[in-house]
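Work through the exercises below with the sequence and the model at hand. Each task is followed by a solution in steps.

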Amino acid sequence: MRRGWLVAPLALVCGAVACSASYDTSPADGGSDSGNVEAGPVDTGADTVADTGGGVHDGGGDTGAADTFVQDTGPADTGTVNNDSGEAGSPYDGTTGKGCSTNAECRPGGGPGVNVCSGAGAFAAGPLYPTPVCLLPTCNPGTDGLVHYCDGPDAPTSPGVCVPSGDVGQSGTGICLPRCTFGSQGQSPTGCQGQDTCNLYGWSVDLTNTVTGIGFCFGGCATNADCATGSVCQKDQGVCLTAGVTRTKAVGAACTQADLVSGACDCFFDTATSNGYCSQFCIVGSATVLCPSGYACSGQEPVSVNGANDAAVTGFTLQNQGLAGWCLQQCVGTPCTGSTCSSAYSAGKVCEP
């Protein structure tokens, strides 16, 4: 169960607002990984074949041995895997996350010329981002429960994270959003432009059990002034829309996935049952983007994650200041109604549908 965004490539598909997608935080696949992203180190050995950033990369677990994968048609690397995108023959524009005002700024010479600027009509409902950035409209998020990177090889050196789009549970389609990262002891996220906020998507665990959060930059507005002219801030979701939506249900009211789709409220729901309660956007540690009394701003950072051989290790000991979150009902001395009191997050005890 997760509250997320439903962002179809170049259009929003659930009425006037973004809807929900299930972000997988299932247990690891049985190898040395963390649950969402392989924990093995990225190799640093030279390719055995020439590439231009497009050679297939194995993405985790090796110890520096040379790749033996796909040869592309561009000039040779200067030594290591994953050279710069955008050079002649590159299959990637490599600009995801770059600040922009036009699509042309997202399409360097030598790339495929497919990236778009979020502020240049990329989304039907509005610019969404307070600070416009380059995005790759389509990518493959996979079905293996792992984080997949995009606008470059499927490796943490690439600038984007492939987030599922379409209906809840739909696989095989995604949109490449800017990658952001953060530590496990309350550090602020890095990687997002301007006022855009980092949203937790997964995490990695290295061989020393050091946990690193992996996220995507999306939304982040607090007032209409944060959005481009001609758009307004949908404050309960932190996104810039051409036309705002008036909610008919208050934070804390019982809701279902259908209420999210209809726009009745921003429903935090169980993807198995579609039942939940109305929530709203917040920013961890913010003095202005706050939650109502009785609610905690949770970025949903887990206090325990899987490390080597799927053994449980300490996860996020403190909330990450500046991380995008959702207002979750606290259950310290107060029972949850229609949900379960959970201590799984670093935000403390909160009600989970």
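**Exercise 1: Residues with positive phi**

Asn-209 sits in the loop that connects β6 with β7 (211–217); strands, here and below, are DSSP runs of E with at least two residues, numbered from the N terminus. This is a predicted model, in which local features need pLDDT of at least 70 and side-chain atom pairs count only at pLDDT 80 or more, while totals for chains, interfaces and linings use all residues. Residues are numbered from 1 along each chain as its sequence is written, and side-chain values use heavy atoms, with hydrogens and water left out.

Task: state the phi of Asn-209 and of Leu-128, and classify the burial of each residue.

Solution. Step 1: Asn-209 is not a glycine, yet its phi is positive, about 65°. Step 2: Leu-128, in the loop between β1 and β2 (134–139), also carries a positive phi, near 65°. Step 3: for context, most residues other than glycine have a negative phi. Step 4: buried means under 20% relative accessible area, exposed over 50%, and partly exposed in between (1.4 Å probe, protein chains only). Asn-209 is partly exposed because its relative accessibility is 38%. Leu-128, with a relative accessible area of 0%, is therefore buried.

**Exercise 2: A three-stranded sheet**

Task: give the strand order of the open sheet formed by 3 strands, and explain why β10 and β11 stand at the edges.

Solution. Step 1: the order is β10-β12-β11, with antiparallel pairing; two strands pair if DSSP finds at least two bridges between them. Step 2: β10 (254–256) and β11 (266–269) each have a single partner strand, so one side of each lacks a neighbour in the sheet. Step 3: on average, neighbouring strands of this sheet are turned by 55° against each other, direction ignored; the axes are lines fitted to C-alpha atoms, and angles between N-to-C directions run from 0 to 180 degrees. Step 4: 3 bridges join β10 to β12 (residues 275–279) in the antiparallel sense. Ala-254 stands opposite Tyr-277 of β12.

**Exercise 3: Nonpolar cores**

Task: which residues touch the most other members of the largest nonpolar core?

Solution. Step 1: a nonpolar core is a set of buried Ala, Val, Leu, Ile, Met, Phe, Trp, Tyr and Cys residues joined through side-chain atoms within 4.5 Å. Step 2: the largest one has 52 residues, and Tyr-129 and Leu-177 touch the most other members. Step 3: strand β6 (residues 198–205) supplies the largest share of this core, 5 residues. Step 4: another core of 6 residues lies apart from it, including Cys-255, Cys-265, Cys-267 and Cys-278.

**Exercise 4: Surroundings of two residues**

Task: are Thr-95 and Val-350 buried or exposed, and what does each contact?

Solution. Step 1: Thr-95, in the segment before β1 (116–117), has 9% relative accessibility and therefore counts as buried. Step 2: contact means heavy atoms within 4.5 Å; beyond four places in sequence, Thr-95 contacts Cys-106, Pro-108, Asn-115, Cys-134 and Asp-151. Step 3: Val-350, in strand β19 (residues 350–352), is buried at 0% relative accessible area. Step 4: with neighbours within four places set aside, the contacts of Val-350 include Ala-296, Leu-328, Cys-331 and Tyr-345. The C-alpha atoms of Val-350 and Ser-298 are separated by 8.7 Å, with their positions 52 residues apart along the chain counted as the separation.

**Exercise 5: Confidence**

Task: where does pLDDT stay under 50?

Solution. Step 1: pLDDT is the predictor's confidence in each residue, from 0 to 100. Step 2: residues 1–86 stay under 50, and the model has 255 contacts beyond four places in sequence for them. Step 3: residues 167–171 also stay under 50, with 11 such contacts. Step 4: the protein chain has a mean pLDDT of 78, and 73% of its residues reach 70 or more.

Note on methods:
Helix = DSSP H or I, 4+ residues; strand = E, 2+ residues; numbered from the N terminus.
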